[in-house]
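Subject: Structure handover

Hi,

Here is the structure I promised to pass on. Please open it and keep it on screen while you read my notes below.

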Amino acid sequence: MRAVIFDGTLSLADIPRPVCDADEALIRLRLGGICNTDLELMRGYKNFSGTLGHEFVGDVIEGPDDWIGQRVVGEINIACGSCDMCQRGLSSHCRYRRTLGMVQYDGAFAEYFRLPVQNLHRVPDSVTDQQAVFTEPLAAACQVLETCSIHPTDRVILLGAGKLGLLIAQVLRLTGADLTVIVRQQHPADLLAGWGIRAAVRSEVPDNLADVVVDCTGSAEGFADALNLVRPRGAILLKSSYAGIPAANLTQLVVSEIRVVGSRCGPQDSAHRQTPRRSRCSLRR
């Protein structure tokens, strides 16, 4: 079968069809999404080598009878289920975690790939493939509201108006906060305007006033910019993963008593249904 392989160079290669373990399903890819993390993996993040891809929608062709023929998306973290983190309900931080298309588990950019059945979610008939493939990044966007308390009275600035940033902007809008998204190009500004979200260029936004800054730039420079934007005793929420190491004034974290919160992927139930605040997260295109 064909697969997209990265081993220092990117290639379309012929590799053996996966053999599933007893708890896994074999999935035929329908549509895949390219994440900025995929690009960072090719720049050296995690010293990755193997089959890329973790945003997908596909059809189950082998596995338990009640899953055969189902159109699915899936959680990307493969957990052991028995370590201390799994027992605490933090399976996304499993001590022995493998990750689809990232860590010790072949990805979805192949004709066929495997994933544990417990990771799968059925896709309703009313949801198109083009919408369903956004489930994983939308879950990551909804996770923002679980990792950082954001109130209607807060002034929030979002850095990075790429695919994930635009999804996060729509989630943040649900909080009623005073939200500004910093953009570099006209197209995301036009999309944001259509959703009733303020867009601005960096020079228009004053420093040291934001209660919360969300960095999803995907660049090491984004953290330094977030430090300049956040007020004393404010919070920075990091949604970026990248190969480089950010150069930033960490003393400023101490002097201004700034909280830094990391936020990675989120449970896909959040994207399918609603956030813990009972505000529905829906994909707008």
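A search of the whole structure finds one cavity of 30 Å³ or more. This is a predicted model, so please read everything here as computed from a prediction. The largest cavity has a volume of about 30 Å³.

Which residues line the largest cavity? They are His54, Glu55, Phe56, Val73, Gly74, Ala132, Val133, Thr135, Glu136 and Gln268. Strand 5 (55-62), strand 6 and helix 4 each give two or more residues to this lining. By class, the lining has four nonpolar, four polar and two charged residues.

Next, the pockets. The largest pocket holds about 1,200 Å³ of space. It is lined by 48 residues, and those closest to its centre are Cys216, Thr217, Gly218, Lys239 and Ser240. Four elements give two or more residues to the lining: helix 1 (36-42), helix 4, helix 6 and helix 8 (221-229). Sorted by class, the lining of the largest pocket has 21 nonpolar, 16 polar and 11 charged residues.

The second largest pocket holds about 450 Å³. Its lining has 19 residues, and Asn77, Ser91, Ser92, Gly266 and Pro267 are the closest to its centre. Here the classes are four nonpolar, 12 polar and three charged.

Now look at helix 6, which spans residues 163-173. How many of its 11 residues are buried? Eight are, so the helix is mostly covered; buried here means under 20% relative accessible area. The buried residues are Gly165, Leu166, Leu167, Ile168, Ala169, Gln170, Val171 and Leu172. What covers them? The cover includes three helices: helix 4 (135-142), helix 5 (144-147) and helix 7 (186-194). It also includes strand 11 (155-159), strand 12 (178-182) and strand 14 (210-215). Recall that helix 6 also gives two or more residues to the lining of the largest pocket.

On to the sheets. Strands of a sheet pair through backbone hydrogen bonds, either parallel or antiparallel. One open sheet here has five strands, in the order 9-3-5-6-10, and the pairing is antiparallel. Strand 9 (112-116) and strand 10 (120-122) stand at the edges. Each has a single partner strand, so one side of each is left without a neighbour in the sheet. From one strand to the next, the twist averages 45 degrees.

Find strand 6, residues 71-74, in that sheet. Strand 6 and strand 10 pair in the antiparallel sense over three bridges. Which residue of strand 10 stands opposite Gly74? Leu120 does. Gly74 is also one of the residues that line the largest cavity.

Another open sheet has three strands, in the order 2-1-4, again with antiparallel pairing. Its edge strands are strand 2 (10-14) and strand 4 (50-51), and each pairs on one side only. Strand 1 (residues 2-6) runs antiparallel to strand 4, and two bridges join them. To see where they meet, find Phe6: it stands opposite Gly50 in strand 4.

Best wishes

Conventions: Residues are numbered from 1 along each chain as its sequence is written. This is a predicted model: local features need pLDDT of at least 70, side-chain atom pairs count only at pLDDT 80 or more; totals for chains, interfaces and linings use all residues. Side-chain values use heavy atoms; hydrogens and water are left out. Buried means under 20% relative accessible area, exposed over 50%, partly exposed in between (1.4 Å probe, protein chains only). Contact means heavy atoms within 4.5 Å. On a 1 Å grid over the protein atoms alone, a cavity is a set of points where a 1.4 Å probe fits but cannot get out, and a pocket is an open set with protein on both sides within 12 Å along at least five of seven lines; lining residues have an atom within 4 Å of a point. Grid points are joined across faces, edges and corners, and a volume is the space filled by probe spheres set on the points. Ala, Val, Leu, Ile, Met, Phe, Trp, Tyr, Cys and Pro count as nonpolar, Asp, Glu, Lys and Arg as charged, and the others, Gly among them, as polar. Two strands pair if DSSP finds at least two bridges between them. Axes are lines fitted to C-alpha atoms, for helices over the stretch in contact, and angles run from 0 to 180 degrees between N-to-C directions.
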